[in-house]
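Hi everyone, thanks for coming. Have a look at what's on the screen, and I'll walk you through a few spots.

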Amino acid sequence: SPTKAVYNARHWNQPESEALPAPPVLKTPSVPVRLSSKEAIHKDDGVFKAPAPPPKVIKTVTIPTQPYQEIVTALKCRKEDKELYTVVQHVKHFNDVVEFGENQEFTDDIEYLLSGLKSNQPLNTRCLSVISLATKCAMPSFRMHLRAHGMVAMVFKTLDDSQHHQNLSLCTAALMYILSRDRLNMDLDRASLDLMIRLLELEQDASSAKLLNEKDMNKIKEKIRRLCETVHNKHLDLENITTGHLAMETLLSLTSKRAGDWFKEELRLLGGLDHIVDKVKECVDHLSSDENEEKLVASLWGAERCLRVLESVTVHNPENQSYLIAYKDSQLIVSSAKALQHCEELIQRYNRAEDSICLPDNKPLPHQNVTNHVGKAVEDCMRAIIGVLLNLTNDNEWGSTKTGEQDGLIGTAMNCVLQVPKFLPQEQRFDIRVLGLGLLINLVEYSARNRHCLVNMETSCSFDSFCTGEGDDSLKITGQIDAVQALVQLFLERERAAQLAESQTDELIKEAPTAQHDKSGEWQETSGEIQWVSTEKSDSTEEKDKKEEDDEELDLNKALQHAGKHMEDCIVASYTALLLGCLCQESPINVTTVREYLPEGDFSIMTEMLKKFLSFMNLTCAVGTTGQKSISRVIEYLEHC
């Protein structure tokens with residue numbers, strides 16, 4: 001017989017096989033319950049109690065989170081072998097719990113440490129609290145929290161009296177140094193900067209301060225030394241852990257960009273510039289006495305770092321410029337002039353020029369087999385010195401006159417243009433030459449004395465002067481010549497080199513391959529339609545295409561090299577023309593002297609170069625700057641000569 005369809009009843013249509021547990025019954029001992037004989041258990045007194053309901057099964061899920069734990073309790077009951085959970089609402093996310101814990105931990109730490117910094121605490125407690133805070137500040141995350149909550153100023157406000165205790169002042173200077181390791185702003189206010197300057201002024205005489213004892217002092221120094229080893233400490237002398245040294249390193253780590261615009265003025269008003277200038281003098285004095293290379297490098301680096309800060313705070317700041325020119329009878333200018341002359345001597349001894357570079361008479365340059373870092377330290381120091389002098393003499397007749405009065409400075413600046421570049425690596429020569437020309441322009445633009453001194457000076461021609469005539473040595477000059485003649489020769493050579501590079505670049509552009517016909521396929525007419533049918537490339541065709549791409553890339557690199565060389569030659573020629581134009585101002589004698597060395601005595605070659613340079617500056621700089629005004633004035637003067 002055929003199989004009959006059987007209806008399988010689903011469980012939800014069937015009565016429950018097991019009843020759910022009854023709700024719990026409160027136990028009331030005073031009210032007895034009498035049950036039937038079927039449910040009762042025989043007792044002597046005939047009183048029976050209801051059987052206890054089946055126990056509930058409770059499942060507890062614990063989410064381990066640090067530093068706090070959220071406990072979620074869920075009821076698990078069994079129904080048709082399925083587990084059901086009761087979800088507890090408003091549970092914090094794991095990341096929120098961790099963040100809350102970190103913030104609370106930071107708050108607890110900073111409150112505890114701040115309580116130990118207060119002036120009513122014992123000196124030992126205050127010192128240890130500062131060291132503990134500095135240790136925590138060595139971690140970038142803690143420094144971020146400290147700045148985010150604006151606690152830096154509060155910490156230094158609590159330590160405002162630290163200069164009266166030598167141990168506490170040392171710990172405070174170490175804390176400042178650790179906080180200055182970030183590239184971010186240090187969040188200093190005026191009071192914190194004032195405290196830093198006061199720490200700089202402390203004398204390192206043990207008898208003038210309140211010492212705990214020598215043993216405690218050594219312990220603190222050792223802790224600070226180990227702490228400083230965990231952070232960037234390139235310029236820190238770990239064997240010379242003193243309050244003044246740490247405070248000075250902290251100050252030198254700051255610039256006007258990092259500390260804000262107010263930093264330039266406050267640093268002058270609070271006396272910070274005085275300490276930096278004195279530090280420059282101290283480093284320069286060591287240059288003439290240090291024979292050890294390590295000590296020499298330390299002095300060069302110290303002077304260079306101080307000068308970088310001074311260069312930063314004197315940019316577009318006439319108040320700081322005038323203050324530094326007048327401070328201790330132009331001590332900064334005197335020290336800078338001496339340092340530049342020392343660097344000129346040192347760069348010849350520790351030059352980093354390539355062995356392949358030769359003088360015009362084919363004699364090889366002397367190359368000292370010494371450590372490379374000494375030469376680099378000398379080069380960096382030279383650039384920093386000229387940078388400061390450029391700011392002090394820019395549109396400042398007083399600064400130009402004071403600088404020009406220094407014995408041998410103008411001659412040293414001329415050597416930076418004509419001779420010093422041969423002792424530098426190829427990529428550094430353009431920079432030092434342009435810096436030297438800029439300094440000479442500032443010196444002679446507003447000072448008749450400096451113009452007279454430069455015109456009457458004798459010097460050697462540029463180290464890279466060459467004979468431009470074929471087989472004719474008439475343009476090749478040797479020995480001592482007038483400074484004006486050397487400058488005119490430098491201008492003519494750079495101007496011709498720029499023209500040559502420009503013509504070669506034009507030829508490369510003209511020789512650029514024209515767009516060729518696309519040979520990857522052809523148009524074909526099929527069934528009344530025009531379709532593009534690609535052709536398969538052979539191996540030889542692919543190799544040819546690859547070679548053409550390589551040739552195009554090589555041509556592009558050549559064009560870029562020519563363009564870079566052309567730009568350098570144009571800038572050097574323009575700066576030299578501007579210097580010669582400034583020499584000619586208000587002096588018919590100087591006009592005659594310069595005209596004597598120009599081809600056919602014509603200034604048009606100089607004015608054309610200056611006009612190109614002015615157009616370039618108008619495209620790249622803000623219109624109306626002092627540099628553009630000076631160039632326009634010189635062009636107008638030369639056109640009427």
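So, let's start with one residue: where does Asn 396 lie? Asn 396 is in the loop between helix 15 (372–393) and helix 16 (397–404). And yes, what you're looking at is a predicted model. Back to our residue: Asn 396 counts as buried, because its relative accessibility is 12% and the cut-off for buried is under 20%. Who does Asn 396 touch, once we leave aside its neighbours within four places in sequence? The answer is Gln 321, Ile 325 and Tyr 446.

Now, how far should we trust the picture? The protein chain has a mean pLDDT of 76, with 68% of its residues at 70 or more. Confidence is highest in helix 13 (residues 318–326), at a mean of 93. The lowest is strand 2 (residues 70–75), with a mean of 42. There are also stretches where pLDDT stays under 50. One of them is residues 355–370, for which the model has 22 contacts beyond four places in sequence. Another is residues 467–475, with 7 such contacts. Where pLDDT is low, don't read the predicted coordinates in detail.

Okay, on to helices. How many of the 11 residues of helix 8 (residues 243–253) are buried? It's 11 of the 11, so helix 8 is largely enclosed by the rest of the structure. Among those buried residues you'll find Gly 244, His 245, Met 248 and Glu 249.

Next, a helix pair. Helix 1 (residues 94–117) packs with helix 2 (residues 123–137) at an angle of about 150°, and their axes are 8 Å apart. The contact uses Asp 109, Ile 110, Leu 113, Gly 116 and Leu 117 from helix 1. From helix 2 there are several residues, including Arg 126, Val 130, Leu 133 and Lys 136. If you sort the residues of this contact by type, you get 5 nonpolar, 4 polar and 3 charged. As for handedness, helix 1 passes helix 2 in a left-handed crossing.

Last stop: cysteines. How many disulfides does the count come to? It comes to 0. Take Cys 283: the closest cysteine sulfur is in Cys 306, 5.5 Å away, so that's too far for a bond. A disulfide would need the two sulfur atoms within 2.5 Å. Cys 283 is buried, by the way, with a relative accessible area of 6%. Cys 461 counts as buried too, at 13% relative accessibility.

That's my tour, thanks for listening!

Note on methods:
Residues numbered from 1 in each chain as written. Predicted model: local features only at pLDDT ≥ 70, side-chain atom pairs only at ≥ 80, totals over all residues. Heavy atoms only, no water. Axes fitted to C-alpha atoms, helices over the stretch in contact; angles between N-to-C directions. Helix = DSSP H or I, 4+ residues; strand = E, 2+ residues; numbered from the N terminus. Left-handed = near helix turned anticlockwise from the far one by under 90°. Contact = heavy atoms within 4.5 Å. Nonpolar A, V, L, I, M, F, W, Y, C, P; charged D, E, K, R; others polar. Buried < 20%, exposed > 50% of the residue type's maximum accessible area, 1.4 Å probe, protein only. pLDDT = per-residue confidence, 0-100.
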